[in-house]
Amino acid sequence: GNTSCCSLNMAPTKPFLCGVVEGFYGKPWTMKQRADLFPRISKFGMDTYMYAPKDDFKHRSAWRVPYSQSESEQLRRLIEESKRHNIRFIYALSPGLDMTFSSEREMKLLTDKLDQVVSLGCEAFALLFDDIEPQLQPADEERFKTPAHAQAYVTNQAYHHLKAPETFLFCPTEYCEGYCQPSFYQSSYLPTIGAELNLGIEILWTGPRVISKHITCASIRAVNKVLKRPVMIWDNLHANDYDQRRMFLGPYCGRSPALVPLLSGVLTNPNCEFEINFIPLHTLATWTRLSVDPTADSEDQYDPSKALNSAIIDWLPQFSVNENCTTEIPLIIRTENSNQESMEIEQGAVDKEEMMSIGSECEKKVPSSPTDDIPSLPLDTSTLIPEHELLSVDDLYILVDMFYLPYQHGSRAVELLQELSWLVNYNNPTDDATLPVEWTRKVEQFRLKCSAIRHLLNKIDGPNRSLHYEIVPYVTEVQNALHRAKTYIERIERKECSLPNTPLPCDPEPWVFQGGFGAELMRILPPEAFRTNETVLKRPVENPSAATCVYFVRPYCATDKDDLYRICLLNSDNGQDGSHLFPQHPDIIGDRGVGPYLEFAPDLAYVLTDDEGVCGYVLGVVNSQSFYEDVYKNWLPRMCAKYSAPSTDKAQWDSTDEVSNGFHNPPKVIIPECLRGPYPSHIKFNLLPRAQGKGMGGSLITCVLESLKRNGSRGVHLDISPDDIRYLNFYTSLGFSEITMPSPPLNQVFLGKAFCDEDEPIES
């Protein structure tokens, strides 16, 4: 345990906690899965589970509502099951969305909810204030200076009400360096929490980012100093709720074993799918065990590759386990069409409508998946499957390498990507009409690896149906991408297309280009590979209308110009189709808003595509002043030649005349010094209605921001209407803030974002 993390004025040492936090967004785990988790992690050597599913109605949005009798009984049995396996059960509540901190009534509702859980046998608790607006309600502003003071007050009250339990956790609103405002060292929130929060309360922290590639000792020492106690890591390394086309099976890594004496514990927030978390949990347990063992030899110190190998060997037998043989406890559930208070389910049987979370009686029911009605049969795979088709350790390495970690692929996946990239971008140095021997050899290697992945899909089709159903959609997605790639390579062999070079110069956050290994295969292929009637394998769905649309972000190419002009036109009438406004000159609005960017900064243009084609774009320029000078000098004269000047009678002008006048009589644009220095770049983006509200705008913008940063920009600005609250909140969520202008223009608000290296660790 911890022996060296305390110093003067810091919290006392407590046992080091290692375990799981069910803290993701999306469909919560079932009660059966939670019960199965306890013996599994206990066997691994872990000791903690925290109940905090974001989409449990009574955990977050309806936190005031007490649990019903049937819900309470389920929770009581779950807590008893955790104790039976020596697992510390932490019950978490998230009241921050709408709590009035100064209200005694609200405080009473909070403590009543906690008291109810105490009566069920719970002894450890957490209050979470993550992912909320850092603002006080008007009723709280008179009593509390800041949200930090309000959160600390309520948490301290709850802690004392519960008589200072040994385990009580607090999740701050600024729970990583990237969320500190305006920066880690300038934040007033964290020092207030450190000073005001009782030292017996432990604080959760995710590291430099929400999903941290590395967590360094220097950064932890710095935050411990500010918070006056060793933090507990809420680790999102294997979380996949932000991209449901990826799962993460790689080993726990990027965290030095030297961190352990500086921490009060580590709780991993893993993949949403329960069964696929074997390796993440196994390797975290190994990391903790070897890190806290002072007698371990240097050869026994944690090595991610060795930990992965051990986890894969232990995981392999799980694929042959009949899921009906797993440990279960009797569950109380409410059926969807029943008004009865509860019904008893015999041990060993689980209904498909079993509650997804404790508070789900008040939730909208989650539709069952297409696999919910398929029965699980006990199979003897040794008699039904040929030996060469049995799943092997090598097969699992292929699976893991394709779905490794948010910031990296495994070695086998990297090799396949490199081979495909070489094939697609190969330039024949001669005029020989035949493809060279080396190219043909690499094609054969690529085909063999594609075949291995196709066979992998068949091999995981074993008796453990839950594990099978969780993995199959991801592997099928990769297989679809490989099918597309193989089809394109075959077209090259048939001389039906050329060998273009389409590099992708971007190194973004893991959520910028969603889709993981399968999407990266797609990004290597040029646009021509997607302009074909060749069929692509599709994962069958029971309800076609419920199928999820797949989006891709890629660099702009010249053949996309018409699509970008079309999108500009379709949104030109206050966000609606403006085709009727420009019947004679439909390109004029694109010539004004898109053309100059494609002419002078095509490398900073990215497009969003879906199943129907291009559905969005983002444009950027590094130096706004130079860009506008180019527009005046080299673009506007061409537009004046293309479009006639309107008549002098403005009363006769139509929409085309308005735009044309801007070409012939353009206002002089001078970037003020307050923008030119710290925010010299600017961006603009556009989405068709079918792509709006899907979270893709942030992906597009983050991509171009990374490109601007890589091209030497110090920062970026944009302007919006002060009445457009939706866009103001959107850009604020991406790190933009309002820029103070010496002479602010009317009906215009300028927002800016300065660039800094988010991967640099903070030093103590």
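Q: What is the average pLDDT of the protein?
A: The protein averages 81, and 79% of the residues score at least 70. pLDDT is the predictor's own confidence in each residue, running from 0 to 100. Residues are numbered from 1 along each chain as its sequence is written. This is a predicted model, so local features need pLDDT of at least 70, side-chain atom pairs need 80 or more, and totals for chains, interfaces and linings use all residues, while side-chain values use heavy atoms, with hydrogens and water left out.

Q: Where does pLDDT stay under 50?
A: One such stretch is residues 499–509, with 35 contacts (heavy atoms within 4.5 Å) beyond four places in sequence. Another is residues 757–764, with 21 of those contacts. Where pLDDT is low, don't read the predicted coordinates in detail.

Q: What makes Asp130 and Lys54 a salt bridge?
A: The term asks for a side-chain nitrogen of Lys or Arg within 4 Å of a carboxyl oxygen of Asp or Glu. Here the closest N and O atoms are 3.0 Å apart, so the pair qualifies. Asp130 sits in the loop between strand S4 (124–128) and helix H4 (138–141), and Lys54 in the loop between strand S2 (48–51) and helix H2 (69–84), so the pair ties together parts 76 residues apart in sequence. Helices (H or I, at least four residues) and strands (E, at least two) are DSSP runs, numbered from the N terminus.

Q: Why is Glu123 called exposed or buried?
A: Buried means under 20% relative accessible area, exposed means over 50%, and partly exposed is in between (1.4 Å probe, protein chains only). Glu123 has 59% relative accessibility, so Glu123 counts as exposed. Lys83 has 41%, so Lys83 counts as partly exposed.

Q: How do you know that Glu123 forms a salt bridge with Lys83?
A: Their closest N and O atoms are 3.7 Å apart, so they pass the cut-off. Glu123 lies in the loop between helix H3 (104–118) and S4, and Lys83 in helix H2, so the pair ties together parts that are 40 residues apart in sequence.

Q: How many salt bridges are there in the whole structure?
A: A search finds 25.

Q: What makes helix H7 count as mostly covered?
A: Eight of the eleven residues in H7 (residues 217–227) are buried. Among them are Cys217, Ile220 and Leu227. The buried residues pack against helix H6 (189–196), strand S6 (202–205) and strand S7 (232–235).
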